[in-house]
2 protein chains.
Amino acid sequence: MSNAVLERLRQESAARKSLLCVGLDVQTEKLPLSLRNQPDGLLKFIQEIISATADLAIAYKVNTAFYECMGLKGWMLLEQTASMLPSHALKIADCKRGDIGHTGGFYAKAFYEQLPFDAVTLHPYMGSDSIKPFLDYPDKLAFILAVTSNAGAVDFELQPMADGRPLWQHVMAISERFWQDGSIGYVAGATRPELLAEVREFAPTAPLLVPGVGAQGGSVAEVISAGYAGPGSLLINASRSILFASEGDDFAEKAREAALAMLAEMTEAF
Amino acid sequence: MSNAVLERLRQESAARKSLLCVGLDVQTEKLPLSLRNQPDGLLKFIQEIISATADLAIAYKVNTAFYECMGLKGWMLLEQTASMLPSHALKIADCKRGDIGHTGGFYAKAFYEQLPFDAVTLHPYMGSDSIKPFLDYPDKLAFILAVTSNAGAVDFELQPMADGRPLWQHVMAISERFWQDGSIGYVAGATRPELLAEVREFAPTAPLLVPGVGAQGGSVAEVISAGYAGPGSLLINASRSILFASEGDDFAEKAREAALAMLAEMTEAF
């Protein structure tokens, strides 16, 4: 019922009284002016954000799109970023991959062997054999997209299937087959707290990765009330609200203040 | 009703009497012995495969997983491969991405600006706002996963929704909103020809990208009979059956023979 990565997440969440996942969605255009034109400005920025939040965060989420759009340089930055993440934290590649058999296995190899990530996010559309290759790695965590925080979630995720239950519940029902060893979690958006409560009901103990708090509008209190089920059950991601809390050279200090403010909101859950 | 890339695809398909898409799913372990231990063995292999098939193929499909699993070296090979593809051919990044807003836009930038691809494959799970960022690029083609060729397609894709229609039809119905400008195609597996016919009925002229022929078991004749609707409407992908037609140093010659054999099967469609 457990794996080493999930066990560590539980311990760190309890010890640090934190549910905080910092999303490292970096963009050159958003760097403070003093860093923007430095060749390694992004790397320095990431380093400082990590230093400023390392004792507060129990997870870091790297959105691969922000890196891939920079080409080879971006993939190099992804490698550097992954290797800088503190060892206590869950290292999540928010890569939203999903492919079958051999191909799925190669994606798993990319993020679990070539890169030192502990977890990935996955698209369920192609079915269970697109999730399976990621579960062949023991002590890793696959967060499957269940209910996302975007408007388009109504197009398919929230649509009722023949039995009246929405697609996301079917996704979770099939994922549960693999849940026994504790290697599955779900992405569930913060912008629909009532749905988050339904997701929690469906998976009473699974780790939920919740984006959409802060800049996207969800509230920490609502998310905790709807989704918290003990240490390691909930990760609340904040990206922009922490990374770009200040546009100036005090960005790291302000990032820490924003992270501390989120932690203060979280303490009531413990 | 058309865009430049789709127009080119139609012309090339008609002129070359070809529906052939060559899937460049390369693996060091599968190289001929003489190339396996060369530092640039994979690059040489890809170069030779492209040379041997360039006049026969109207598209090349690069499965990003096979490259990403090699880390930085793999991303470099992906760049090199993309830049070697012949200008007449549709350059497809089989990346199966899918994310919203900003993030989706960054993936589009990665494949359409940093890399010179004409087309991508996309996961529809998150809904229309995860497809939209890719359509912001004129004269590109987004192949949306509809019915895939794996066993797990029954888990969600083929499941009936409340109105009795399977999920994949809902995916296509929503995608059709964007179809007007001809920038949407669909991935439809070859292993279920009867489904391919239904997909074609649903989208009478949309380009269909059909994997699963050859090594995976679908037949060219069945695929054409079910899915062909004029030049540019159908791309039949073959990877292993062409790339690894021979394990020896005659791999390029044998790849060409395999491609020619597929073309011979295709001519009846014209």
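Here are three short exercises, with worked solutions, on a predicted model.

**Exercise 1. The interface**

Work out how much area chain B and chain A bury between them, and which residues of chain B lose the most area to chain A.

*Solution.* Start with the total: the two chains, B and A, bury about 4900 Å² between them, with 64% of it on carbon and sulfur atoms. Next, look at who takes part: 55 residues come from chain B and 55 residues from chain A. Within chain B, Leu72(B), Tyr125(B) and Phe156(B) lose the most area to chain A, together 18% of what that side buries.

**Exercise 2. Polar links and the elements behind them**

Find how many salt bridges join chain B and chain A, then say which element gives the most to chain B's side.

*Solution.* Begin with the charged pairs: there are 4 salt bridges between chain B and chain A. In one salt bridge, the side chains of Lys96(B) and Asp99(A) meet at 2.7 Å, N to O. Then turn to polar contacts, where the count between the chains is 28 residue pairs, both at pLDDT 80 or more. Several elements of chain B each supply at least two residues to this side, including α5 (72–84) and β3 (90–97). The most comes from α6(B), with 8 residues. By type, the residues of this side divide into 28 nonpolar, 16 polar and 11 charged.

**Exercise 3. The barrel of chain A**

Trace the strand order of the closed barrel in chain A, and locate helix α10.

*Solution.* Follow the 8 strands: β1-β2-β3-β4-β5-β6-β7-β8, with parallel pairing. From one strand to the next, the twist averages 30°. Now zoom in on β6 (residues 184–188) and β7 (residues 208–210) of chain A, which pair over 2 bridges. Here Tyr186(A) has Leu208(A) as its bridge partner in β7(A). Finally, helix α10 (residues 220–227) of chain A lies across β7 and β8, running at about 160° to β8(A).

Key
Residues numbered from 1 in each chain as written. Chains lettered and ligands numbered in written order. Predicted model: local features only at pLDDT ≥ 70, side-chain atom pairs only at ≥ 80, totals over all residues. Heavy atoms only, no water. Contact = heavy atoms within 4.5 Å. Buried area = accessible area lost by both parts, 1.4 Å probe. Polar contact = N/O pair within 3.5 Å; in protein donor to acceptor, adjacent residues only side chain to side chain. Helix = DSSP H or I, 4+ residues; strand = E, 2+ residues; numbered from the N terminus. Nonpolar A, V, L, I, M, F, W, Y, C, P; charged D, E, K, R; others polar. Pairing = 2+ DSSP bridges. Axes fitted to C-alpha atoms, helices over the stretch in contact; angles between N-to-C directions.
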